[in-house]
Amino acid sequence: MNTASPLLSIENLRIDHGSGVSLVESLNFTVRRGETVGLVGESGCGKSLTALAIMGLLAGNLRTAGGSISLEGTDLAGLGDEDLRRLRGDRMAMIFQEPLTALNPVMTVGAQVVEVLRAHRDMSRQEAEKRAISLLDMVRIPDAAARFHDYPHRLSGGMRQRVVIAIAIACNPALLIADEPTTALDVTVQAQILQLLKRLQREADLGLLLITHDLGVVRQVADRIVVMYAGSVVEEGAVDEVLDRPRHPYTAGLLAARPHGSFAAGGHRLADISGSVPAPDARPAGCVFEPRCLNAQPDCRASRPPLAPDGPDRSLRCYHPVGELN
């Protein structure tokens with residue numbers, strides 16, 4: 001078990017809407033140096049919102065209402081806008097879902113890499129341009145010196161995502177957040193981007209927080225998995241242990257809903273999880289998954305289970321886990 005101090009530590013984080021409704025509550029997890037953590041769950045569970053809170057990019061009608069977000073020992077929630085701007089792009093960086101909207105359409109891709117370098121490093125324009133071309137080459141953009149002068153619309157989706165990654169790693173951040181980095185890409189390009197992220201993470205020893213819906217991607221890339229549901233963590237642990245032996249009914253439901261082969265070739269019909277993620281202002285008083293859970297019992301409706309240890313380096317929020325008598 002790794003006992004070193006975590007690179008990123010989130011403790012009892014609560015994110016509220018301006019109306020006082022909690023969107024994320026009692027959120028706890030860590031990311032260590034050299035570690036990839038997969039953050040998974042259905043849309044509406046709070047994954048991207050958590051990433052934006054870490055980066056200090058919450059919308060104006062949202063706020064961090066409790067708990068702490070610590071990066072390298074610094075409480076990010078207590079920093080002002082100027083201090084956060086100094087950290088973003090330097091010690092922490094984010095790869096957004098859609099590269100076409102993440103890039104400035106009226107600036108060349110090279111100029112956008114140079115802008116980050118000159119904002120955080122004492123570099124001349126010539127030095128920054130040389131470094132930018134090197135970064136574009138590092139993320140495997142063919143003929144990087146020529147592509148340096150292209151505008152985003154002239155590149156394919158995969159090439160644009162590589163530019164976004166080059167911008168994110170330009171200043172050697174300690175923490176890299178990748179929010180659904182392969183969603184808009186075809187399968188072949190997805191594999192290339194994942195291999196690139198894995199190589200960069202290994203070579204730079206950075207902490208990588210990977211947000212995704214794809215459990216296959218998590219198994220391929222991550223060391224640990226954090227499963228979120230309705231704004232809270234419901235299960236956490238080593239990726240193979242959790243995916244091979246899920247304990248929370250929600251985790252088991254997500255795994256059962258994955259395709260396992262062709263139905264025509266003797267496969268099976270896909271399982272589903274009945275119902276949907278409750279709106280933040282309509283979450284039940286007890287276990288938030290209880291209305292959709294096949295293992296639910298009366299005590300699940302009476303109170304919300306705590307996130308508790310469930311063996312070495314594993315946590316679970318459930319009164320009646322998978323595989324136990326109810």
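## Helices, pockets and salt bridges in a predicted model

The buried residues of helix α4 are covered by elements that include α5, α6 (residues 144–147) and α7. The structure described here is a predicted model, and the account below begins with α4 and α7, moves on to the open and enclosed spaces, and ends with one strand residue and the salt bridges.

### Helices α4 and α7

Helix α4 consists of 12 residues, and the distance from its first C-alpha to its last is 18 Å, which is close to the 16 Å expected at 1.5 Å a residue. Its buried residues are V109, G110, Q112, V113, V114, V116 and L117.

Helix α7 has 13 residues, for which a rise of 1.5 Å a residue gives an expected span of 18 Å, and this agrees with the 19 Å that lies between its end C-alpha atoms. Why can α7 be described as largely enclosed by the rest of the structure? The reason is that 12 of its 13 residues are buried, where buried stands for a relative accessible area under 20%. The buried residues of α7 are G158, M159, R160, Q161, R162, V163, V164, I165, A166, I167, A168 and I169. The elements that cover them include the strands β6 and β7 (175–179), together with the helices α3 (99–102), α4, α5 (125–138) and α8 (187–204).

### The largest pocket and the largest cavity

Helices α4 and α7 return in the description of the largest pocket, which holds about 500 Å³ of space. Its lining is made up of 21 residues, and those nearest the centre of the pocket are G89, M94, F96, V116 and I167. Two or more lining residues are given by each of β6 (92–95), α4 (109–120) and α7 (157–169), and the largest share, five residues, comes from α4. Sorted by class, the lining of this pocket has 14 nonpolar, four polar and three charged residues.

How many cavities of 30 Å³ or more does a search of the whole structure find? The search finds one, and the volume of the largest cavity is about 70 Å³. The residues that line this cavity number 13, and among them C287, C293, C300, C318 and Y319 lie nearest its centre. The cavity lining divides into nine nonpolar residues, three polar residues and one charged residue.

### Glycine 38 in strand β3

Residue G38 belongs to strand β3, which covers residues 36–40, and G38 is buried, with a relative accessible area of 0%. When neighbours within four places in sequence are set aside, the contacts of G38 are with L210, V218, A222, R224, I225 and V226. The C-alpha atoms of G38 and V217 are 8.8 Å apart in space, although 179 residues separate the two in sequence.

### Salt bridges

Side chains of opposite charge can pair when their charged atoms come close. The structure holds 22 salt bridges, and three of these pairs are set out in the table with their nitrogen-to-oxygen distances.

| Side-chain pair | Distance, N to O |
|---|---|
| D83 and R86 | 2.2 Å |
| R301 and E290 | 3.0 Å |
| R154 and D150 | 3.5 Å |

The pair D83 and R86 lies within helix α2 (residues 81–87), where a spacing of three residues means that the two are separated by about one helical turn. Residue D83 is partly exposed, with a relative accessible area of 33%, and R86 is also partly exposed, at 45%. These two residues belong to a network of salt bridges that links E82, D83, R85 and R86.

In the salt bridge between R301 and E290, R301 lies in helix α12 (residues 298–302) and E290 in the loop between α11 (249–256) and α12, so the pair ties together parts that are 11 residues apart in sequence. Here R301 is partly exposed, with a relative accessible area of 48%, whereas E290 is buried, at 13%.

The salt bridge between R154 and D150 joins an exposed residue to a buried one, since R154 has a relative accessible area of 59% and D150 has a relative accessible area of 6%.

Technical notes. Residues are numbered from 1 along each chain as its sequence is written. This is a predicted model: local features need pLDDT of at least 70, side-chain atom pairs count only at pLDDT 80 or more; totals for chains, interfaces and linings use all residues. Side-chain values use heavy atoms; hydrogens and water are left out. A salt bridge is a side-chain nitrogen of Lys or Arg within 4 Å of a carboxyl oxygen of Asp or Glu. Helices (H or I, at least four residues) and strands (E, at least two) are DSSP runs, numbered from the N terminus. Buried means under 20% relative accessible area, exposed over 50%, partly exposed in between (1.4 Å probe, protein chains only). On a 1 Å grid over the protein atoms alone, a cavity is a set of points where a 1.4 Å probe fits but cannot get out, and a pocket is an open set with protein on both sides within 12 Å along at least five of seven lines; lining residues have an atom within 4 Å of a point. Grid points are joined across faces, edges and corners, and a volume is the space filled by probe spheres set on the points. Ala, Val, Leu, Ile, Met, Phe, Trp, Tyr, Cys and Pro count as nonpolar, Asp, Glu, Lys and Arg as charged, and the others, Gly among them, as polar. The expected span of a helix is 1.5 Å times one less than its number of residues. Contact means heavy atoms within 4.5 Å.
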